[in-house]
Amino acid sequence: MGQEVYVRVVSLDQAAGLLVLSMKGDADSLRRDLQAQLQAWRERADSLEESSDAVVDDEAEFTEPEGLAGPQDISVFESIPSSQWLLGKVRHVATFGAYVDVDPPLASMASVAQGLVQTSELAEGKELEDLKPDANVWVRVIRVDTSSGRLALSMRRK
């Protein structure tokens, strides 16, 4: 008890009053994740301020900014065979893996989803240091958890 830990917000369910936190990764990777999330929130807030002359309402309903990992509808990815390669874009690199925005299958009208490529699923000969934000990568979907909105990705050949 009383131990200081580093966590990051995974998702927020305001209706249920739940805040989902994660301690995965070391303190530095969590700090980078938090900084990336904070930056995305600030950019979203700035874009809202620029696009609206509305007065700030402290009682306003909370809505999660686009692009942050949280509950997402990834059901369209359930039918994709693990042998199918999809184009993705690296969003953020942490010590435990890389967060990648993945385009859904062509026939789908779904929006881009965010998944995680753990270090153990990097392509042979690839290191985390080789991945840079905004780099295009090819990934396969290896696990879909629709209840949590998590997408597990791989850059490895089968």
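Here are some exercises with worked solutions on the predicted model shown above.

**Exercise 1. The overall layout**

Work out how many helices and strands the protein has, and in which order the elements run.

*Solution.* Start with the count: the secondary structure comes to 1 helix and 7 strands. Next, read the elements from the N terminus on, which gives β-β-α-β-β-β-β-β. Then add two figures for the whole chain. Of the 158 residues, 31% count as buried. Among contacts with a separation of 6 or more, 56% are made by residues 24 or more positions apart.

**Exercise 2. Tracing the barrel**

Find which strands close into a barrel, and in what order.

*Solution.* Let us go pair by pair.

1. Take β3 and β4, which pair in the antiparallel sense over 6 bridges. A hairpin of 2 residues joins β3 to β4, and Ala94 stands opposite Gly97 in β4.
2. Turn to β3 (residues 85–94) and β6 (residues 136–145), an antiparallel pair with 5 bridges. Here Leu86 has Val139 in β6 as its bridge partner, while Gly88 stands opposite Val137 in β6.
3. Move on to β6 and β7 (residues 150–154), which run antiparallel and are joined by 5 bridges. Arg143 has Ala152 in β7 as its bridge partner.
4. Put the ring together: 5 strands close into a barrel in the order β3-β4-β5-β7-β6, with mixed pairing. Ignoring direction, neighbouring strands of this sheet are turned by 50° against each other on average.

**Exercise 3. Two positive phi angles**

Locate Gly149 and Asp134, and say what their phi values are.

*Solution.* Begin with the glycine. The hairpin of β6 and β7 has 4 residues between the strands, and in this hairpin Gly149 takes a positive phi near 75°. Now look at Asp134, whose phi is also positive, near 75°, although this residue is not a glycine. For context, most residues other than glycine have a negative phi. Asp134 sits in the loop between β5 and β6. To classify its accessibility, recall that exposed means over 50% relative accessible area. Asp134 reaches 57%, so this residue counts as exposed.

**Exercise 4. Classifying an aromatic pair**

Decide how the rings of Phe96 and Tyr99 are arranged: stacked, tilted or edge-to-face?

*Solution.* A pair of aromatic rings is described by the distance of the centres and the angle of the planes. The rule asks for centres within 6.5 Å, and planes over 60 degrees apart count as edge-to-face. By this rule the count comes to 1 aromatic pair. The ring centres of Phe96 and Tyr99 are 6.1 Å apart with planes at 90°, so the pair is edge-to-face. Finally, check burial against the limit of under 20%. Phe96, with a relative accessible area of 16%, is buried, and Tyr99, at 10%, counts as buried too.

A short extra step concerns another ring: which residue lies over the face of Trp85? That residue is Arg140, at 5.6 Å from the ring centre.

**Exercise 5. The surroundings of Ala98**

Describe where Ala98 lies, whether buried or exposed, and which residues it contacts.

*Solution.* First, place the residue: Ala98 is in strand β4 (residues 97–102). Second, consider accessibility: Ala98 has 1% relative accessibility and therefore counts as buried. Third, list the contacts beyond four places in sequence: His92, Val93, Gly115, Leu116, Val117, Leu128 and Leu131. For one of these, Gly115, the C-alpha atom is 8.4 Å from that of Ala98, with the two positions 17 residues apart along the chain.

**Exercise 6. The largest nonpolar core**

Identify which residues of the largest nonpolar core touch the most other members, and which elements contribute.

*Solution.* In soluble globular proteins, nonpolar side chains tend to be buried together. The largest core here has 20 residues, and Phe77, Val100, Leu131, Val139 and Leu153 touch the most other members. Two or more residues of this core come from each of β3, β4, β5 (113–118), β6 and β7. Now follow one of these residues, Leu131: apart from neighbours within four places in sequence, Leu131 is in contact with Val93, Ala98, Leu122, Val137 and Met155.

Notes: Residues numbered from 1 in each chain as written. Predicted model: local features only at pLDDT ≥ 70, side-chain atom pairs only at ≥ 80, totals over all residues. Heavy atoms only, no water. Phe/Tyr/Trp six-rings, centres within 6.5 Å; stacked < 30°, edge-to-face > 60°. Buried < 20%, exposed > 50% of the residue type's maximum accessible area, 1.4 Å probe, protein only. Lys NZ or Arg CZ within 6 Å of the ring centre and 35° of its normal. Contact = heavy atoms within 4.5 Å. Pairing = 2+ DSSP bridges. Axes fitted to C-alpha atoms, helices over the stretch in contact; angles between N-to-C directions. Core = buried A, V, L, I, M, F, W, Y, C linked by side-chain atoms within 4.5 Å.
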